[in-house]
Amino acid sequence: MTRGDLPKYLQLKQEILSWLHSGEWKPHELLPSENELAARFGMSRQTVRQTLNELEQEGYLYRQRGKGTFVAPPDFIKAGAAQAAVGMVTTYISDYIFPHIVRGAEAVLRAHGMGLYLSSTDNDKQREQGSLQMMMDRGVGGLIVEPTKSAEGNPNLEQFLAFRYRGIPIVMINARYPELDCPCLVVDDEAGGFAATEHLIKLGHRRIAGFFKTDDLQGTRRMKGFLRAMKDYGVPILPNSVVTYASENKWSRPAEAAAELLRREDRPTAFVCYNDELAVALLPAVRGAGLAVPDDLSIVGFDDSTLAQAAEVKLTTLTHPKTAMGERAAEMLLRLMADPSAEAEDVTYAPELVVRDSTRAIGEETAV
């Protein structure tokens, strides 16, 4: 949704917020009158009043009887924030590795007497906007965020800047929007992609296909590691053997591409997968081609999720800290909430290769 698609009062609200965040309007500065704003933007006075009332309720503006409406300073805004709760916005909550991350954060917050508001974006940018607004409305004292489709830009920058304006700290996990300078906890995804591919190359595989979700930075970095390993070891990349996909077609595009690759005479002998969830989802395509893992095809996942050991074949995979990441993010956020001047450095976790049953050294039967 573009700004032009929004209701008029929200268009005006975003315009005023942009002036506040840029410093064009200073704290305690008198705003133009409702009539002046209505004339400037070609809106009714009622629309202007609705916008100003909402901004006043959110703490951006304050009124003085007989004098007008003024810009509220950041300290004034922060004073209205509820410090007894933290918000956590992730792409998913109940699926895959996310329950472990949430539980880690919740345990630390509970130990410090803090409540936790949870919201899932379902990896949708517009839902992320709604989640951020909900956290703002609830007056959280800090925020843990996993960016939504982090490789596709940040259309919700104004919402994030609104938290900064209020002095509410943000910690990001798994990735960070590049224009924001908040601390971030990530896995070294490129190193993981390299290690997965290197493992297969050292087992003798030369026809290796990679499957990567590229609307988030984790996927693009894992793909970068895959490509770097293939180049460093001098292994040629087969045509159409680097499969990219988006969140919306994660259940169709990779499976279709895998089935097509496995029908080729020069079929791959190994797959490097974006994560364990995808690796498990590709197993039916392998069976459909009359092949077996690992006798005919080796597969490596990522994240060492519960799926890695619950699948029909225990997956070779790369570790993800999960619970430890949630705990560390909460600890970092609490420190920033207690002391906004405290330093909070980025944390990068080195993934470790966990070798299980889904990979094997290439043999004559696989090389055919």
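Start by selecting proline 294, which sits in the loop between H11 and strand S11 (298-300). Look at the link to its neighbour: valine 293 and proline 294 are joined by a cis peptide bond, with omega at about 5 degrees. Keep in mind as you go that this is a predicted model.

**Along to aspartate 304**

Now move on to aspartate 304, in the loop between S11 and helix H12 (307-310). Check its backbone: phi is positive here, about 45 degrees, although aspartate 304 is not a glycine.

There's another spot of this kind at histidine 28, so select that one too. Histidine 28 is not a glycine either, and its phi is positive at about 70 degrees. You'll find histidine 28 in the loop between helix H1 (8-22) and helix H2 (34-41). Is its side buried or exposed, or something in between? Histidine 28 is partly exposed, with a relative accessible area of 47%.

**Zoom out**

Show the whole chain for a moment. The C-alpha trace spans about 90 × 45 × 30 Å along its principal axes. Colour by secondary structure and you get 14 helices and 14 strands. Of the 368 residues, 53% are buried. Among contacts with a separation of 6 or more, 73% are between residues 24 or more positions apart.

Next, colour by domain. Domain 1 covers 8-71, domain 2 takes in 85-187 + 322-350, and domain 3 is made of 189-320 + 353-366.

**Where domain 2 meets domain 3**

Hide domain 1 and look at the other two. Their C-alpha centres, domain 2 to domain 3, lie 30 Å apart. How many residues are in contact here? On the domain 2 side there are 18, and they are in contact with 22 residues of domain 3. Together the two domains bury about 1,500 Å², and carbon and sulfur atoms give 48% of that area. Highlight Tyr96, Val187 and Lys322 in domain 2: these lose the most area to domain 3, together 43% of what that side buries.

Turn on polar contacts and you can look for 13 residue pairs across this interface. There is also one salt bridge between domain 2 and domain 3. For a salt bridge to zoom in on, pick glutamate 248 and lysine 149, whose closest N and O atoms are 2.3 Å apart.

**Asparagine 275 and its surroundings**

Select asparagine 275, in the loop between strand S10 (270-273) and helix H11 (276-288). What does its side chain reach? One target is the backbone nitrogen of leucine 278, at 2.9 Å. The backbone nitrogen of glutamate 277 is another partner, lying 3.3 Å from a polar atom of the asparagine 275 side chain.

Asparagine 275 counts as buried because its relative accessible area is 5%, under the 20% cut-off. Show what surrounds it: leaving aside neighbours within four places in sequence, asparagine 275 is in contact with Tyr96, Arg222, Gly301, Phe302 and Asp303.

**Two residues in one loop**

Jump to the loop between S4 and H6, where you'll find threonine 121. Threonine 121 is buried, with a relative accessible area of 0%. Beyond residues up to four places away in sequence, threonine 121 touches Val89, Thr90, Thr91, Arg127, Glu128, Ser131 and Thr148.

Aspartate 124 is also in the loop between S4 and helix H6 (125-137). Its relative accessible area is 32%, so aspartate 124 is partly exposed. Draw a distance from its side chain to the backbone nitrogen of arginine 127: a polar atom of aspartate 124 lies 2.9 Å away. Then draw one to serine 247, which is 123 residues from aspartate 124 in sequence and 9.3 Å away in space, C-alpha to C-alpha.

**Last stop: helix H5**

Finish with helix H5, residues 98-111. Its 14 residues reach 20 Å from the first C-alpha to the last, close to the 20 Å expected at 1.5 Å a residue. Which residues of H5 are buried? They are Phe98, Pro99, Ile101, Val102, Gly104, Ala105, Val108 and Leu109. An α-helix has 3.6 residues a turn, so residues three or four places apart point the same way.

Now bring back what covers those buried residues: strands S3 (85-90), S4 (115-120), S5 (143-145) and S6 (170-173) are included, along with helix H13 (323-338). Just after H5, select glycine 113, which takes a positive phi of about 75 degrees.

Definitions and conventions
Residues numbered from 1 in each chain as written. Predicted model: local features only at pLDDT ≥ 70, side-chain atom pairs only at ≥ 80, totals over all residues. Heavy atoms only, no water. Helix = DSSP H or I, 4+ residues; strand = E, 2+ residues; numbered from the N terminus. Expected span 1.5 Å × (residues − 1). Buried < 20%, exposed > 50% of the residue type's maximum accessible area, 1.4 Å probe, protein only. Contact = heavy atoms within 4.5 Å. Domains from an automatic or database assignment. Buried area = accessible area lost by both parts, 1.4 Å probe. Salt bridge = Lys/Arg side-chain N within 4 Å of Asp/Glu carboxyl O. Polar contact = N/O pair within 3.5 Å; in protein donor to acceptor, adjacent residues only side chain to side chain.
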